[in-house]
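Q: I'd like to learn how to read a model like this one, feature by feature. Can we go through it together?

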Amino acid sequence: MIYDIPVFLIFFIGAFVLALTKGKLHKYIFIAIPVAAFFGIMNSSEGVSYYYNFLGLELKGIFIDKLSKVWGYIFAIMAFSGAIFAYHNDDYKENIWATLYIGSSYGVVFAGNLLTLFIFWELMAIFSTLI
């Protein structure tokens, strides 16, 4: 199910789909991505998920607690309102970069360690430059 994946992946996959579409479908998908993220946050359980090994250390990839869920809801509402505001925008590349930027911000919010936080923070800097 779509809600079993991390929320930032919803935006990254959504950006890929946005790159393949144009016209009204592009705009509707751009609006639907934050809605899917909102429901993904609602259905996500609190705790650590997605462990990975790096240099012999077991690191927490994603950490979800009550505070990060609140920020996730806020980001989803802001992304939805931004998508509604950008409905008239015909620059499809800008929508794709904005979607990747928002996905990276979700990676920062749900980061379980400093390395993950740094990676997503740098992705935010790159995507904000491309917007």
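Q: Let's go straight to A86: is it buried or exposed?
A: This is a predicted model, so read everything here as computed from it. The idea is to compare the relative accessibility with a cut-off, and buried means under 20%. A86 has 14% relative accessibility, so it counts as buried.

Q: Where does A86 sit, and what does A86 touch?
A: A86 belongs to the loop between α3 and α4. Leaving out residues up to four places away in sequence, A86 touches F30 and N95. There's also a long-range pairing to look at: A86 and K27 are 59 residues apart along the chain, yet their C-alpha atoms are separated by 8.6 Å.

Q: How do I read the packing of two helices?
A: You describe two packed helices by the angle between their axes and the distance between the axes. Try α1 (residues 7-19) and α2 (residues 23-43): their axes come within 9 Å and cross at roughly 170 degrees. That makes α1 roughly antiparallel to α2, because angles over 145 degrees earn that label. The crossing of α1 past α2 is right-handed.

Q: Which residues of α1 and α2 meet?
A: On the α1 side you'll find V7, I10, F11, G14, A15, V17 and L18, and they meet H26, I29, F30, I33, P34, A36, A37, G40 and I41 in α2. Sorted by class, this contact of α1 with α2 has 13 nonpolar, three polar and no charged residues.

Q: What happens between α1 and α4?
A: Read this pair by axes again. The axes of α1 and α4 come within 7 Å, crossing at roughly 170 degrees. These two helices, α1 and α4, are therefore roughly antiparallel to each other. From α1, the residues V7, F8, F11, F12, G14, A15, L18 and A19 meet N95, I96, T99, L100, I102, G103, S104, Y106 and G107 of α4. By class, the contact of α1 with α4 divides into eleven nonpolar, six polar and no charged residues.

Q: And what is the angle between α3 and α4?
A: About 170 degrees, with the axes of α3 and α4 10 Å apart. So α3 and α4 are roughly antiparallel to each other. In this contact, S68, W71, G72, F75, A76 and A79 of α3 meet I102, S105, Y106 and V109 of α4. The class count for α3 with α4 is seven nonpolar, three polar and no charged residues.

Q: How do I read a nonpolar core?
A: In soluble globular proteins, nonpolar side chains tend to be buried together. For this model, look at the largest nonpolar core, which has 29 residues; V7, F11, Y106 and F110 touch the most other members. At least two residues of this core come from each of α1, α2, β2 (57-64), α3 (66-85), α4 (92-109) and α5 (114-130).

Q: What is F110 in contact with?
A: Set aside its neighbours within four places in sequence, and F110 is in contact with V7, I41, G61, I62, F63, I64, S68, K69 and G72.

Q: Is F63, one of those contacts of F110, buried or partly exposed?
A: Check the accessibility again. F63 is in strand β2. At 30% relative accessibility, F63 counts as partly exposed, because that value is between the cut-offs of 20% and 50%. As for distance, F63 and Y50 are 13 residues apart in sequence and 8.5 Å apart in space, C-alpha to C-alpha.

Q: What about S104 and S128: which is buried and which is partly exposed?
A: Same reading, two serines. S104 lies in helix α4, and S104 counts as buried because its relative accessibility is 0%. Not counting residues up to four places away in sequence, S104 touches F12, F120, L123, M124 and F127. S128 is found in helix α5, and at 37% relative accessibility S128 counts as partly exposed. S128 and W97 are 31 residues apart in sequence and 7.6 Å apart in space, C-alpha to C-alpha.

Notes: Residues numbered from 1 in each chain as written. Predicted model: local features only at pLDDT ≥ 70, side-chain atom pairs only at ≥ 80, totals over all residues. Heavy atoms only, no water. Axes fitted to C-alpha atoms, helices over the stretch in contact; angles between N-to-C directions. Helix = DSSP H or I, 4+ residues; strand = E, 2+ residues; numbered from the N terminus. Parallel < 35°, antiparallel > 145°, perpendicular 65-115°, else oblique. Left-handed = near helix turned anticlockwise from the far one by under 90°. Contact = heavy atoms within 4.5 Å. Nonpolar A, V, L, I, M, F, W, Y, C, P; charged D, E, K, R; others polar. Core = buried A, V, L, I, M, F, W, Y, C linked by side-chain atoms within 4.5 Å. Buried < 20%, exposed > 50% of the residue type's maximum accessible area, 1.4 Å probe, protein only.
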